[in-house]
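This report goes through a protein model, starting with overall figures and ending with local features.

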Amino acid sequence: VFGLLIAAGATFGVAGPAAAQKEVVIGLQCDRTGATQTVGVYLCPGYHDYIKLVNFKGGVEGYKIKAIEIDHEYKVPQGMEAYERHKKEGAVLISLYGTPHTQALTAKLTEDRIPGTSPGFGSAAATDGTKYPYIFPIAATYWSQGTAAVEFAGKQMGGLKGKKIAYLFYDNPAGREPLPILEDLAAKEGFELKTFAVPPPGIEMGAQVLDIAQRYRADFVIAHLFGRSPSVSIKELKRIGYPLRKVVSFVWGASEADIEAAGGFSVAEGYNAIQFAGVGPDFPVLNEIRDMYKKEGKEPPKEMASTVFYNRGVLIAAIHVEAIRNALKAKPGGTITGVDVKAGFERIKGFSLGGLVPPLEITATDHEGGGWVQVYTVKGGKFVKATDWFKSYPDVLAKHIKAAK
Amino acid sequence: VIHRECGVLKTTYEADMALYPLPIARWTVAVIAVLMFLILPLSVEEYYLSIVNLVSIAVVGALGLNILVGYTGQISIGHGAFMSVGAYTAANLAVRLGLPFWVALPAGGLMAALVGAVVGIPSLRIKGLYLAIATLAGQLIIEWTINHVTWISGGVQASINVPRPRLFGYPIATQRQMYFFLLVFAAVAILATMNLVRSRIGRAFIAIRDHDIAAEIIGINIFRYKLLAFAISSFYAGVTGVLYTYYLGVANYEQFQITVSIDYLAMIIIGGLGSVLGSIFGAIFVTLLPIVIRLTMESFGGLLFSSGAVLNIIPNLRLILFGMLIIFFLVVEPEGLNRLWRNIRNYFRIWPFAY
């Protein structure tokens with residue numbers, strides 16, 4: 001048994017670091033079976049399809065990209081194990097998934113000097129690249145979404161002064177994260193803010209909605225819910241007769257599946273939602289993916305129908321590939337490491353992918369890339385763009401990011 | 001004769017009290033110790049050590065829960081929360097007061113023991129399913145409190161970053177360093193539990209489990225020992241939470257939700273209630289099985305399905321297989337992996353001359 005174990009150890013030792021030449025490895029953490037599986041089953045195929053497209057077109061600077069996916073069921077020990085596995089496979093970049101996982105791996109990523117991305121989750125304080133050198137939110141954090149929601153509400157109501165805004169949120173740390181921003185803006189803009197917490201699992205909110213619509217009589221509702229609860233909120237607000245055009249949701253509150261679960265697009269007519277990736281099937285990159293499948297003699301995957309999450313997967317993959325492209329350009333012919341990819345991220349600018357990606361500008365101090373969002377509205381059976389890319393109250397955000405621990 | 005029970009004549013009290021009376025058992029333990037402390041860490045890659053690290057943490061927690069459920073016969077669905085009590089206590093002490101891990105760790109355990117004893121008070125009057133619900137309430141109350149009281153949870157994100165543990169001025173950061181750090185605690189926990197359950201306290205626990213009225217009649221103070229069981233068990237849970245916090249470098253309430261309590265219950269039920277070895281088997285089984293299934297699927301799944309489909313099938317099939325294997329093992333041997341191991345051992349003890 002002894003000899004066998006030693007032999008086994010020796011084989012692992014030899015097989016491990018021998019990464020294939022001309023290949024860049026990305027570690028992709030996914031959740032296709034856990035608490036947020038409704039996201040993962042669309043987002044991860046989107047990610048893989050973009051990587052496939054890049055390889056199909058000849059790779060990046062002569063290198064092929066290999067994305068190794070590990071499903072962690074939204075459990076932290078599994079996420080830790082997945083990270084170690086990715087590290088062993090020589091990953092130069094980790095695509096994190098989930099706020100607790102981002103928290104748990106921040107220290108490790110910094111020690112091992114491998115950049116990790118946390119689009120649409122994680123901590124908003126990670127925007128500050130000097131404090132969190134190896135964490136890249138790369139998409140609007142909850143704080144940026146908070147300011148954007150307030151600005152959108154203000155535009156819809158024609159001014160914020162003296163208005164009553166209800167904040168309907170999932171009662172967990174992620175749900176509470178935007179609170180300091182919203183309170184600050186309430187004081188600054190002179191509107192009244194009232195919070196309505198929905199306890200997990202968030203499928204029972206009749207009381208809160210009744211309170212918002214009939215007792216508090218809110219002029220606008222900002223909703224920040226996850227999982228099944230967004231569809232419940234749409235249903236309940238509709239039932240009680242609150243106009244959905246006076247509701248704006250954060251990024252996890254509006255996918256095709258949420259609208260379907262709420263009773264379909266006709267029920268949700270008017271509902272607004274913040275997005276950090278373009279929504280809809282009409283982007284050049286998506287046509288290229290369809291063409292690629294056609295050339296292979298296959299049907300395009302059915303996941304493409306869920307454009308909200310699928311497009312986000314494409315966006316995340318595209319930004320990753322850009323970072324790797326920058327890293328490879330800076331080091332032609334060499335082997336890139338996590339440090340090079342970090343520098344590659346910090347040079348991303350003016351990369352729009354035909355409108356699917358916002359006008360990001362990631363720098364060494366701003367790992368969020370500006371905090372750009374768009375608002376889409378449910379109209380006539382689909383999501384219609386209500387605003388162009390915008391960012392709001394950068395001064396308020398900068399103050400909070402600076403003050404964050 | 002080194003492996004036969006017969007002919008072992010104990011002539012001193014020391015020999016009678018030895019943890020392992022048989023030479024072969026002592027040798028096996030020595031071999032396992034050498035393997036774990038020397039050969040494995042020196043020959044295996046960090047990735048494999050990181051898996052052992054997760055097992056080590058789980059072993060401590062499973063042992064603690066087994067003391068309560070397996071040995072004392074009380075049930076708790078609140079162990080995830082007791083872990084979070086330990087985690088946040090240690091994190092606050094480490095960050096606010098700058099205390100080193102060897103102070104923060106027992107402090108976290110003791111705080112969890114205190115909270116555990118309080119949550120265990122209903123056990124004095126109620127049993128079984130009723131107690132399960134009472135401890136479930138404990139889990140939810142603790143979760144809510146940590147989530148909402150920012151003085152404990154350190155802000156809206158309810159997570160506190162902890163510095164790496166340091167020993168003689170050196171930080172314990174890599175998986176290999178963590179391996180020794182965690183293995184020592186797992187070994188101490190195993191040794192402590194083995195001695196606890198054969199001590200006066202452990203025998204009182206077992207008496208309470210087997211028949212609490214009879215135990216009271218023969219003079220065991222039920223009040224004291226039931227609460228003690230909750231306290232000791234929660235102490236282990238608290239230490240698990242602290243180890244977990246130091247391992248990850250962050251205390252986060254989402255890591256200790258009710259599913260964690262259920263996972264640990266699954267470990268001891270699969271491993272074997274009321275046995276130290278069973279707790280270890282259960283911790284290993286529940287931690288390793290998903291990983292092994294995934295590695296197998298990655299190697300052979302490509303033969304059966306297309307690459308895109310495999311990615312979707314692996315995680316789902318893993319869940320199905322995980323559930324089916326648990327049912328399979330429980331049907332084969334309802335008393336858990338420990339009993340299965342003993343059956344195998346007993347078979348080979350008299351092999352090939354079975355009667």
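The text below covers confidence, chain B as a whole, a surface patch and one helix.

This is a predicted model, in which local features need pLDDT of at least 70, side-chain atom pairs count only at pLDDT 80 or more, and totals for chains, interfaces and linings use all residues. Residues are numbered from 1 along each chain as its sequence is written, chains are lettered from A in the order in which they are written, and side-chain values use heavy atoms, without hydrogens and water.

The model has an ipTM of 0.85 and a pTM of 0.88. Values for chain B are tabulated here.

| Property of chain B | Value |
|---|---|
| Average pLDDT (predictor's confidence in each residue, 0 to 100) | 89 |
| Residues with pLDDT of at least 70 | 97% |
| Box of C-alpha atoms along the principal axes | roughly 65 × 65 × 45 Å |
| Buried residues (under 20% relative accessible area, 1.4 Å probe, protein chains only) | 47% of 355 |

Chain B contains 15 helices and 4 strands (DSSP runs: H or I of at least four residues, E of at least two, numbered from the N terminus).

On the surface of chain B, V34(B), F37(B), L38(B), L42(B), F180(B), V184(B) and V188(B) form a nonpolar patch with about 610 Å² of accessible area together. Two helices of chain B, α2 (23-43) and α8 (175-197), each give two or more residues to the patch; the largest share, 4 residues, is from α2(B). F180(B) lies in α8 of chain B.

In chain A, helix α12 (residues 307-330) has 24 residues, and 21 of these 24 are buried.

Terms used. Patch = residues over 30% accessible without salt bridge, like charges linked within 9 Å, V, L, I, M, F, W, Y side chains within 5 Å. Areas by Shrake-Rupley, 256 points an atom, 1.4 Å probe, with all protein chains shown as cover. Salt bridge = Lys/Arg side-chain N within 4 Å of Asp/Glu carboxyl O. Expected span 1.5 Å × (residues − 1). Buried < 20%, exposed > 50% of the residue type's maximum accessible area, 1.4 Å probe, protein only.
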